[in-house]
Each structure stands twice: as C-alpha cells, then as structure tokens.
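This report covers the arrangement of helices and strands in one protein chain. The sequence and the model come first.

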Amino acid sequence: MAKISVITPVYKVENYLRKCVDSILDQIFKDFELIIVDDGSPDSCGSIADEYVQKDERVRVIHKQNGGAPSARNRGIDIAKGEWLYFPDSDDWLEPDYLEALYNTAIKTDAKLVVSGYTMEYFENGVAHSYSVSTPKKNYNSQELVRGNLHNYFDNMMMAVPWNKLYKADYILDNNLRFPELKWDDLHFNMEVIMDIDKVAICSNAGYHFFRSRPGSETTTVFDSMLYKKRKEQFEHIMRVYRHWNIKNREILSVIYGYYASRLVQCVQEISISNISKADKKRMISDILNDKLSYTAIKKGRIESKVLSVAATPMRMHNVSLCIFMGKAIGFVKINMSSLFYKIKSKSVNKAKVIN
C-alpha cells in the first residue's frame, strides 16, 4: 500500500506530459503510486503514459473515453491504494521536495487536508515570469479553527484548486466525495471536502508550478457567455458551506463577499471586451448589478486587492456605462501589455512574490 496515490488526468498535453511525470517520479519522497488517466486524448499522451509503465513500477495507466478531468480523477480515486490522494495537472510540474513537504505536514498535524502554496508560471512575449504564492504554515486542528480561518485562503486561489492539496483517502472515501462533472469542478469538490472537516493544515511550500500561460499560447480571451452563471454557482456553493457552519461574523462574511465581488469584476471585464453588441453588454452587466447576491457582495464585501477595489468602483456606483469603460481599460492592458497585467494581478490579487 503506497502512502500517496498521485492521480493526474491527461488530455492534449503531449508537449508537457514528460516534464510533469518526470518531476513526479524524481520526488525525494518515494512511497507513492502514480495513476495516469488518459482521458481519450487524441494526441500521443496515451503512448507516452504507457512508456512510463515500462520504466517505473509505481506507474499505472488507465485509458478511457473522453469525459473531462472530473471523470478522469474519479476513475483514479476508484482504483487508488494510497493513504493520501494528490491531484496534479498534467501540464504542470513539481519541485523535488514537494510531496515530502505535503506528507510531512500531514503526519505532523494529523490533518485530513493539507493545503500548500504554489508558483505561477507565465510565458508572455518571449519572456518567462514566475510568481510564488505562499502563506505561513498553520495547523487548524478543530472545526472551530477551520471554520474561523479558511476565508483567508480564497482570494489567492489556494482553496479553489486540487493540485495544491493532499487529501486523506479514508476521509474522501468514507464521505463518498467525488469531483462533480461540471465546469470548474475543483472548487465545488473542495467545498464538499471542507463542509464537515475538522483538521486542515497549511504548508508554506510553493513547489508546485502552475503553468498559467505557455510558450506559443495566445493572450486573447475567448468570451464565455456562461462565466457569470458559473461564478454565481460557485459562490452559492461557498455560501451553502458558510450557512452550514452558521458563520455570522461580519468580518469573515465581508471577506467572503469581497471574494465574490472581485470575481464579478472579472465577469464585467470579460463582457466589456467581448464582440457582442453594446446593447447586450449593457443588458448582461445590468443583470449582474441587479442580482440580489451581487448587490449584497458589492455592498458588504471588502475586496482585499487595491487594484480590484478601484476597478469595482463603477459597480458600487451602479453605473453600467462606466463599468464598460473600466472593463475595456483593463482589457486593453491585458491584451496589449500582458506581462504588466499579469505582474499586477499576481502581486495584487494572488498576493504573490515575484521570482523573476
């Protein structure tokens, strides 16, 4: 029985898969199994994965029809033998001491969930930039401590994703927790994980490298007309958890509402630079501003990022035209000065430190 089951879904990442797998197999911590789930990838990912089965006895490969990352992770959970579960993305990579840091934290704290920092990797205009997100190590070893502190980890993305977390396998299996098969399943899964959890540890290690933009990728954004709907669904899930916890502390709720308000800034910005008609832009933004949950978040939320707080000013004023103007201004910087945009975003929103 391995200590950790590393489960990674694979789809259309043939140019990045070897680096990811090599970084896992080269870990200082050796007691793990690697389950690669080929999610019907049309490129050479499946054959690359099969090569590693011959090279390392810790590697297992599942080939399945394409069903998305949630279904791939769930297949991995079904056959995992480890005491802990870890879910890296197959186009990212790990520093050699990363799994060891997660495991040591789990053992020392007896936590059911370990949350770590991470490093964001951007490649824009031929130049690579790295930004490290990390917070001091903490041990929240009771439900009261968990529920009174996890709001501090939403804004910097630490709560939203699965790849910076080590999950106690028994806890996941005993509670029948699986990744929901919908867009942005990660946060929904994590909300269910923390719903009744009583021990969470924070590890300061930032040795997971998250590829946010790759060489050869385009900076331009494809407009997602469902973005606001998805963001709202995510936040409604967060609020269900906080109601379940019976959290009434105004300071905590202001941070949670501020998190949602900052996500609404993104929604407004994406609408503003889209190629839909001006009338549709105004209608969609008005719908956001007139929504009861949006109104509460904008009114009661404290946006931690000063940049986003300024960008949210037109929303507080309930001024649709000014929202569009602000959104276009942000979009211009994002498209035409991408390196500057991501630097400001990483430092202000994600509270990251510049590495290079």
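The text below describes two sheets, the helices that pack on them, and the burial of selected elements. The model is predicted.

**The eight-strand sheet**

Eight strands make up an open sheet with mixed pairing, in the order β3-β2-β1-β4-β10-β6-β11-β9. Its edge strands are β3 (59-64) and β9 (138-140), each of which pairs on one side only. From one strand to the next the twist averages 20°. Strands of a sheet pair through backbone hydrogen bonds, in either the parallel or the antiparallel sense. The table lists pairings from this sheet, with a bridge partner for each.

| Strand pair | Sense | Bridges | A pair of opposite residues |
|---|---|---|---|
| β1 and β2 | parallel | seven | S5 and E33 |
| β6 and β10 | antiparallel | three | L113 and Y167 |
| β6 and β11 | parallel | four | L113 and V200 |
| β9 and β11 | antiparallel | three | Y140 and V200 |

Strand β6 spans residues 113-116 and β10 spans residues 165-168. L113 stands opposite V200 in β11, and in β10 the bridge partner of L113 is Y167. V200 in turn is the bridge partner of Y140.

**Burial in β1 and β11**

How many of the seven residues of β1 are buried? Seven of the seven are, so the strand is largely enclosed by the rest of the structure. In a regular strand the side chains alternate between the two faces of the sheet. In β1, I4, V6, T8 and V10 point one way, while S5, I7 and P9 point the other way, and all are buried. Strand β11 (residues 200-203) can be read in the same manner: V200 and I202 point one way, A201 and C203 the other way, and all are buried.

**Helices α1 and α2**

Helix α1 lies across β1 (4-10), β2 (32-39) and β3, and runs at about 165° to β2. Helix α2 also packs on the sheet, where it touches β1, β2 and β3; its direction makes about 155° with that of β3.

The two helices pack on each other as well. Between α1 (residues 17-25) and α2 (residues 45-55) the angle is about 25°, and their axes are 11 Å apart. With angles under 35 degrees counted as roughly parallel, α1 and α2 are therefore roughly parallel to each other. The crossing of α1 past α2 is right-handed.

Which residues of α1 and α2 meet? From α1 they are L17, R18, V21, D22 and L25, and from α2 they are C45, I48, A49, E51 and Y52. Seven residues of this contact are nonpolar, three are charged and none is polar. An α-helix has 3.6 residues a turn, so residues three or four places apart point the same way.

**Helix α7**

Nine of the 10 residues of helix α7 (residues 185-194) are buried, so this helix is largely enclosed by the rest of the structure. The buried residues are D185, D186, L187, H188, F189, N190, M191, V193 and I194. Their cover includes two strands of the eight-strand sheet, β6 and β10. It also includes the helices α3 (69-79), α6 (169-174), α8 (227-244) and α9 (250-272).

D185 lies in α7. Is D185 buried or exposed? D185 has a relative accessible area of 6%, and because buried means under 20%, D185 is buried. Leaving aside residues up to four places away in sequence, D185 touches P70, R73, F179 and P180.

**The five-strand sheet**

Another open sheet has five strands in the order β5-β12-β7-β8-β13, again with mixed pairing. The edge strands here are β5 (93-94) and β13 (353-354), and each pairs on one side only. Strand β8 (residues 127-133) pairs with β13 in the antiparallel sense over two bridges. Within that pairing, Y131 stands opposite V354 in β13.

Helix α15 (residues 338-348) lies across β7 (118-124), β8 and β13, and runs at about 165° to β7.

Terms used: Residues are numbered from 1 along each chain as its sequence is written. This is a predicted model: local features need pLDDT of at least 70, side-chain atom pairs count only at pLDDT 80 or more; totals for chains, interfaces and linings use all residues. Side-chain values use heavy atoms; hydrogens and water are left out. Axes are lines fitted to C-alpha atoms, for helices over the stretch in contact, and angles run from 0 to 180 degrees between N-to-C directions. Angles under 35 degrees count as roughly parallel, over 145 as roughly antiparallel, 65 to 115 as roughly perpendicular and the rest as oblique. A crossing is left-handed if the near helix is turned anticlockwise from the far one by less than a right angle, and right-handed if clockwise. Contact means heavy atoms within 4.5 Å. Ala, Val, Leu, Ile, Met, Phe, Trp, Tyr, Cys and Pro count as nonpolar, Asp, Glu, Lys and Arg as charged, and the others, Gly among them, as polar. Two strands pair if DSSP finds at least two bridges between them. Buried means under 20% relative accessible area, exposed over 50%, partly exposed in between (1.4 Å probe, protein chains only).
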